Amino acid sequence: VFDDTRFFNNQSHDRSGSALKISLADQHQYSRIFFTGSEGQLATTLLEELLPSDVVLDIGAEVGVFSLTAARMGVRSVTAIESDLQLAESLEQSVELNNLSANILVLTWLPSSHQGYATVFAKAERGCVYSGPHTTNHSTDEFTRAVYTTPTRSIDESIAERLVERPTVVRVSMEGAEEFALEGMDELLSHTEEAPRAVLLLVYPYQLRRVLQWMSVRGYSPARDPPGDLPEELLGDWQENTMDWDDPLMLEWYKQKVYNFFGAQIGGGSIEGESFLFYKVQPSQYKGRFFRPTHT
């Protein structure tokens, strides 16, 4: 059990609150205590803005730092979804250790665009490489990490069936599967009156353009917190929420992000996505449903 004493995990800014206790199954889970470089400050901002009336949905909750902190700050309820069974078990233990069983519901299916099943790798340390050379033992042709089949369902279906309470704040950290999770949240995010007011979203670079466009057309804006490496020429448009997502400079920014990401994969280095804090600023303008055509 790890005692986390960072200020946003305590009940006051002077760190006078008791430490957050986090149960870890192995050394790989230790890295899951920490947010990625781009997500940390945005997560802190969102946690500080939480209200007692908020309903929090944490998709890809991992060891539960965001969920546990939100619950300790007194929100109405938290639903934490983590499909990796070992991480989910650690999260459930942490919920009990912090006496938050009445505040946090832990679910273990994989949020996606539809109900069914998916085959996935178990998660390792944060920033790990999931490409073939780093998940397969070439001397035996066996995977070096667990592979398992997990049930999938959409957030929209789960809300309709009252398995998940309609959230006012959402965090999504799906390590490359964020498009599928968003497809399954289309009705929620497009709702005229009951859409979440804020969405903290970790995006892997090869999905950046589509995800930014998808959120924008549904009335969400990341204008308040532009990326630190955004070209200076685009900063004004970003902050004024007038961004052209197909601007040539923006396309070059996407491209460089993708190059860096796959370069890290090939080289076996640490990989991570880009984080954005979206706020609902206007009604959805989109009349379709998914990123890509679907077949019935």
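How much of the protein do buried residues make up? Of its 296 residues, 51% are buried. Keep in mind as you look around that this is a predicted model.

**The overall picture**

Going by secondary structure, you have 9 helices and 14 strands to find your way through. The accessible surface adds up to about 13,800 Å², and carbon and sulfur atoms hold 50% of that. Now for who touches whom: take the contacts with a separation of 6 or more, and 72% of them are between residues 24 or more positions apart.

**The seven-stranded sheet**

A good place to start is the open sheet of 7 strands, which has mixed pairing and runs in the order 5-4-3-11-12-14-13. Strand 5 (104-107) and strand 13 (220-221) are at the edges; each has a single partner strand, so one side of each has no neighbour in the sheet. Helix 3 packs on this sheet, where it touches strand 4 (77-81) and strand 5, and its direction is at about 165° to that of strand 5.

Elsewhere in the order, strand 11 (residues 169-173) pairs with strand 12 (residues 198-203) in the parallel sense, over 5 bridges. If you want a spot to zoom in on, R171 sits opposite L200 in strand 12. As a reminder, strands of a sheet pair through backbone hydrogen bonds, either parallel or antiparallel.

**Helix 1 under cover**

Helix 1 (residues 40-48) is mostly covered, with 7 of its 9 residues buried. Those buried residues are G40, L42, A43, T44, T45, L46 and L47. What lies over them? The cover for the buried residues of helix 1 includes helix 2, strand 11, strand 12 and strand 14 (274-280).

**The largest pocket**

Next, the largest pocket, which holds about 570 Å³ of space. Its lining takes in 29 residues, and the ones nearest its centre are L110, V120, M174, E175 and A177. Strand 6 (110-111), strand 7 (116-121), strand 10 (147-153) and helix 9 (248-267) are the elements that give two or more residues to the lining. Which strand gives the most to that lining? Strand 7 does, with 4 residues.

The strands named there also pair with each other. Strand 6 runs parallel to strand 10, joined by 2 bridges, and L110 stands opposite T152 in strand 10. Strand 7 runs antiparallel to strand 10, with 6 bridges between them; F121 has V147 of strand 10 as its bridge partner.

**Four residues to click on**

Here are a few individual residues, with where they sit and how covered they are.

| Residue | Location | Relative accessible area |
|---|---|---|
| L20 | strand 2 (residues 20-22) | 0%, buried |
| E62 | loop between strand 3 (55-59) and helix 2 (65-72) | 2%, buried |
| Q86 | helix 3 (residues 85-97) | 41%, partly exposed |
| E175 | loop between strand 11 and helix 5 (178-183) | 17%, buried |

Start with L20. At 0% relative accessibility, L20 is under the 20% cut-off, so L20 counts as buried. Its C-alpha is 9.0 Å from that of R72, although L20 and R72 are 52 residues apart in sequence.

Q86 is another case. At 41%, Q86 falls between the 20% and 50% cut-offs, so Q86 counts as partly exposed. Which residues does Q86 contact, leaving aside its neighbours within four places in sequence? They are A25, D26 and Q29. There is also A122, 36 residues from Q86 along the chain, with 8.4 Å separating the two C-alpha atoms.

The two glutamates, E62 and E175, are worth a look for their backbones. Most residues other than glycine have a negative phi. For E62, phi is near 55°, a positive value, and for E175 phi is near 50°, also positive. Both sit in loops, E62 ahead of helix 2 and E175 ahead of helix 5. Is each of them buried or exposed? E62 is buried at 2%, and E175 is buried too, at 17%, because that value is under the 20% cut-off. E175 also ties back to the pocket, as one of the residues nearest its centre.

Definitions and conventions: Residues are numbered from 1 along each chain as its sequence is written. This is a predicted model: local features need pLDDT of at least 70, side-chain atom pairs count only at pLDDT 80 or more; totals for chains, interfaces and linings use all residues. Side-chain values use heavy atoms; hydrogens and water are left out. Buried means under 20% relative accessible area, exposed over 50%, partly exposed in between (1.4 Å probe, protein chains only). Contact means heavy atoms within 4.5 Å. Two strands pair if DSSP finds at least two bridges between them. Axes are lines fitted to C-alpha atoms, for helices over the stretch in contact, and angles run from 0 to 180 degrees between N-to-C directions. Accessible areas come from the Shrake-Rupley method with a 1.4 Å probe; for residues, only the protein chains shown count as cover. On a 1 Å grid over the protein atoms alone, a cavity is a set of points where a 1.4 Å probe fits but cannot get out, and a pocket is an open set with protein on both sides within 12 Å along at least five of seven lines; lining residues have an atom within 4 Å of a point. Grid points are joined across faces, edges and corners, and a volume is the space filled by probe spheres set on the points.
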